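Please look at the model shown here before reading the conversation below it.

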Amino acid sequence: MCSNFTTPETLLECSRPVEKKDLMSEMLEQDDEEVANNARHFMSHMNAQSYCCAEALPGVLGLDTLTEEKTLLDVGGGSAIYTISAVKSNPNNVKGLVYELPAIKPITEEYIEGAGLSDRVSVVPGNFFTNEPFPTGCDYVLFSNILHDWPDETNIDLINKAYDCLNSGGKIVISELLLADDVKSSTSSSTSMNVIMLPYTKGRQYRPKELFKRLEKAGFVDMHVKNLVDDYDLVIATKK
């Protein structure tokens with residue numbers, strides 16, 4: 001009997017092409033004009049794809065029933081569809097910040113202006129690959145379809161930066177197509193996306209227990225999963 005079994009993560013890493021730079025890294029090396037032009041098309045696609053999840057987010061997180069003002073930071077929020085939905089659900093008590101690349105900031109602002117929410121949603125220019133911190137004083141930090149694009153070391157840095165910018169009692173919210181903890185029970189959506197990540201990114205889909213471990217190491221507590229829409233789930237954790 002063979003006792004030397006490989007893990008799903010090791011198997012995926014062995015399948016990853018090493019001679020070719022991934023698509024996401026290539027995009028980051030483009031100049032500002034190229035970034036903006038490509039981003040406009042990509043954001044339009046993601047805006048349409050994210051509609052159902054964005055509409056469901058306020059109810060699942062309880063943002064629509066808040067009775068005091070809270071600030072949501074949407075990291076790499078693109079078209080701001082999640083932030084716009086959150087603020088629309090409770091305009092008196094939800095304030096939005098979208099953290100985006102400087103070259104993309106004007107495009108994000110177009111979406112916000114189109115929604116009539118320029119007084120409640122702001123765009124903060126920045127690059128989450130640098131050491132610059134996220135804006136402080138936030139109550140929620142959202143990563144929607146972000147972590148699956150990047151390697152684990154980058155995601156650990158993002159989780160730590162989220163912890164640092166949150167108020168005590170604030171929550172990190174990670175929206176992804178999660179693999180099942182036992183892998184074999186995973187949905188076809190998450191397993192297919194996991195394979196798609198290989199040639200185009202340095203990332204992969206996560207299992208809940210993997211994210212729980214990383215969140216706990218950063219200092220978060222009360223890690224749990226809530227279903228968002230269909231195969232999309234939220235991993236939520238609280239800052240002490």
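What follows is a conversation between a visitor and a guide.

This is a predicted model, in which local features need pLDDT of at least 70 and side-chain atom pairs count only at pLDDT 80 or more, while totals for chains, interfaces and linings use all residues. Residues are numbered from 1 along each chain as its sequence is written, and side-chain values use heavy atoms, with hydrogens and water left out.

Visitor: How many helices and strands does the chain have?

Guide: Helices (H or I, at least four residues) and strands (E, at least two) are DSSP runs, numbered from the N terminus. By that rule the chain has nine helices and seven strands.

Visitor: What percentage of the residues of the chain count as buried?

Guide: Buried means under 20% relative accessible area, exposed means over 50%, and partly exposed lies in between (1.4 Å probe, protein chains only). The chain has 240 residues, and the share that counts as buried is 50%.

Visitor: In what order do the strands of the open sheet lie?

Guide: Two strands pair if DSSP finds at least two bridges between them. The open sheet has seven strands with mixed pairing, in the order S3-S2-S1-S4-S5-S7-S6.

Visitor: Which strands stand at the edges?

Guide: An edge strand here has a single partner strand, so one side of it is left without a neighbour in the sheet. The twist averages 20° from one strand to the next. The strands at the edges are S3 (121–125) and S6.

Visitor: How many bridges join S6 to S7?

Guide: S6 and S7 form a hairpin with two residues between them, and Asp-230 in the turn has a positive phi of about 50°. Val-229 stands opposite Tyr-232 in S7, and Lys-226 stands opposite Leu-234. The two strands run antiparallel, and the number of bridges joining them is seven.

Visitor: Which residue in S7 is the bridge partner of Ile-172?

Guide: S5 and S7 pair in the antiparallel sense over six bridges. In S7, the partner of Ile-172 is Ala-237.

Visitor: How many of the eight residues of S7 are buried?

Guide: On one side of S7, Tyr-232, Leu-234, Ile-236 and Thr-238 are buried, and on the other side so are Asp-233, Val-235, Ala-237 and Lys-239. Both faces are thus covered. S7 is largely enclosed by the rest of the structure, because the count of buried residues is eight of the eight.

Visitor: Which strands does H4 touch where it packs on the sheet?

Guide: H4 covers residues 51–61, and its buried residues include Cys-53, Ala-54, Leu-57 and Leu-61. The buried residues of H4 also pack against helix H5 (81–89). Axes are lines fitted to C-alpha atoms, for helices over the stretch in contact, and angles run from 0 to 180 degrees between N-to-C directions. The direction of H4 makes about 135° with that of S6, and the strands it touches are S4, S5, S6 and S7.

Visitor: With which residues is Ser-85 in contact, leaving aside its neighbours within four places in sequence?

Guide: Ser-85 has its place in helix H5 and is buried, with a relative accessible area of 8%. Contact means heavy atoms within 4.5 Å. Apart from those neighbours, the residues in contact with Ser-85 are Ala-54, Glu-55 and Pro-58.

Visitor: How far apart in space are Gly-62 and Ser-89, C-alpha to C-alpha?

Guide: Gly-62 follows H4 and has a positive phi, near 80°. Gly-62 lies in the loop between H4 and S1 and counts as buried, at 19% relative accessibility. In sequence, Gly-62 and Ser-89 are 27 residues apart, and in space the C-alpha to C-alpha distance is 9.9 Å.

Visitor: How many disulfides does the structure hold?

Guide: A disulfide is a pair of cysteine sulfur atoms within 2.5 Å. The sulfur of Cys-52 is 7.0 Å from the closest cysteine sulfur, in Cys-53, which is too far for a bond. Cys-138 is in no disulfide either, as its nearest cysteine sulfur, that of Cys-165, is 4.3 Å away. The number of disulfides is zero.

Visitor: Which element gives the most to the lining of the second largest pocket?

Guide: On a 1 Å grid over the protein atoms alone, a pocket is an open set of points where a 1.4 Å probe fits, with protein on both sides within 12 Å along at least five of seven lines; lining residues have an atom within 4 Å of a point. The residues lining the second largest pocket include Ile-156, Asn-160, Lys-213 and Arg-214. Helix H7 (152–165) and helix H9 (208–218) are the elements that give two or more residues to this lining. With six residues, the element that gives the most is H9.
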